[in-house]
Amino acid sequence: MKDQDIVDLSWDEFDEMRDPRPAENDFDKVVERAITRRGFLGGALAFGSGAAVFGTAMLTSARAQAAAHGGFAFEPIGISTDHEIHVPEGYQWKTLVRWGDALWSDAEGAYDAETGVSVEMSDKVFGENTDGMELFDVDGKEVIAVNSEYVNPKINLPAASEGVPASAEEVMLLKNLQGVTVMEVAMGNDGYEVVKDSPHNRRITHETQMTMDGPAAGHDLMKTNADPEGMSPKGTMNNCGSGRTLWGTYLTCEENFNGYFGATGAYDETEGVVRYGIGGEGRYAYEKFDARYDLSQEPNEPNRHGWITEIDPSDPDSTPVKHTALGRFKHENAEMVQAADGRVVVYMGDDERGEFIYRYVSNGFYEEGGSTEGLLSDGQLFVAKFNDDMTGEWIALTPDATGMSLEETLVFSRIAASKVGATTMDRPEWIAAHPAKAEAYCALTNNSKRGGDGMPVNAANPRETNEYGQIVRWVPAGDDHGADTFNWDLYVMAGNPVVYDNAYAGSENVTDGNMFNSPDGMAFDSQGMLWIQTDGDDSNEGDFEGQGNNQMLVGNTETGEIARFLTAPNGAEVTGLCWNLDRTVAFVGIQHPGGSWPDGNGAPRSSVIQVWREDGQPVG
Ligand code: FEO
Ligand code: CA
Ligand code: CA
């Protein structure tokens, strides 16, 4: 495959091409047998027959309750297919910041509609492809930490390059436009604005010096020529979803890090390299200009990526920390809650077809204002098993259970999890925990390969060729996130009830008025409402007819009802959501818009927007 072909692939298509899943998964075969015995699967077409019954039975309560009022504070909106943003009547929106906007005065005007941003200015502006974000109260100032997941080389490099960098300088430009932005925001005369030159403003890129902690820090697998101690990695990359600690720091989640590595010569195709989809040609040709990204020169460098990385938004001089205790995989987000006894619990998804949902539990206890030492470096990583009887368990990834060393279970968590019979999931995206009760939700965005070799349907992922996705919910035993068992159900199966009248129509809480595909970002608001963002097929054709552009919906998890709140410009996904301190403004990320949104001239620009109510009341 030529370079220019690779850059044209979406990350999802890149995953599909690399397809790192093992062909066989023993546990799946066991589940398939179990489900068949129970009569859920009637024939060759698993979902069209028995599993549909399963899905319907599971959601009877949602249907029964659907008649109840959803308690939404807005009138739901219809779909859109245009290049605009739409919000309900009584709400307004405005752009907060776009790719290329200056964070410091000396970068004012750095963005040019024809040529983008120069390499000199590239780490002084807001990065591209905004994703997860959180807002922090830093001594009364409102500070947002926000990810820039990836970069579009064809937009950022000279047109003649066809998206392939031709020099180390061009590689640096691409590196600088990704990573994390920390920025102060404040209410101006006409809505929130970025506070230029704020002492809190900071860019963290693929080059920023970091450190690491936890059991795998300093292990041989972490050592490189530039860092023989294996303790000082550089850069955080493909920062997707986000999280926040109980002590007010930001968690950025390294997702498709594999795509940044390539090889200019021979390299060892170890199980770890293959299972993480690393190798061959990198998406951005970094390896041709920077040995750090060249597997044939630095085989351990990829082991230093794919972690949960903690950033202190209150201290622009702080060194970000990669937490190896939380495992290495394609991290979507990190949802931190507390166990009943005060231990810290972090739920995390690995976004790839057939990968897993994980939980980390600290050994120490968190108390407000107390020491946080060791809370993210000393604990146990678990992986989820969703039984077909709607019970579940967290299986500890210990050396005993996996036959691997502790360090290996963390660096190669996927391999460890496969050994203990974790349940393969339909691409785990964001996990959101209810603020008032012990319940957690994970968006399983879609899985084109479900039902294929090595990935039979299972009860939590019941549809073959699942193009719509579902949201799985679990309630831990004893209402304690620290418990090792749980009960689960599906809060919603997305689908299209206009095109299908079988299980691909979706669960009963999906109607022709609220349908969507590919749930991805999720967050609970202060009222216990679940905000759902989508990143799916926005063709509005065929199986997706009537679903329109990507969108943000609000789910009532008591009644099951779901209402559409916002629609994005065509081409964009909606990702990243946080609120200002008094909750009167919601900040929403609009990633990879099509056309020339939002300026109407030049390249499309990923942006963070602000949404508020005209009557000044809280938005959630
Ligand atoms: Fe970056 Fe899984 O989304
Ligand atoms: Ca995502
Ligand atoms: Ca996605």
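Let's start with the open sheet of four strands, which runs in the order β1-β27-β26-β25 with antiparallel pairing. A strand here is a DSSP run of E with at least two residues, numbered from the N terminus, and two strands pair if DSSP finds at least two bridges between them. Strands of a sheet pair through backbone hydrogen bonds.

Before we go on: this is a predicted model, where local features need pLDDT of at least 70 and side-chain atom pairs count only at pLDDT 80 or more, while totals for chains, interfaces and linings use all residues. Residues are numbered from 1 along each chain as written, chains are lettered from A and ligands numbered from 1 in the order written, and side-chain values use heavy atoms, leaving out hydrogens and water.

So, which strands are at the edges of our sheet? They are β1 (91–98) and β25 (573–579), each pairing on one side only. β25 pairs with β26 (residues 585–591) in the antiparallel sense over five bridges, and there Val574 stands opposite Ile590 of β26.

Now to the metals. Which residues hold the calcium ion, ligand 2? Its protein donors are Glu332 (OE), Glu429 (OE), and Asp520 (OD) twice, at 2.3 to 2.9 Å. Donors are N, O and S atoms within 2.8 Å of the metal, or 3.2 Å for Na, K and Ca; water is not among the atoms, so sites may look incomplete. Glu332 lies in β12 (residues 331–338) and Glu429 in β17 (residues 428–433), so the pair ties together parts 97 residues apart in sequence.

Glu429 also coordinates the calcium ion, ligand 3, and the two ions are 3.7 Å apart. Buried or exposed, these two, Glu332 and Glu429? Both are buried, meaning under 20% relative accessible area, with exposed over 50% and partly exposed in between (1.4 Å probe, protein chains only).
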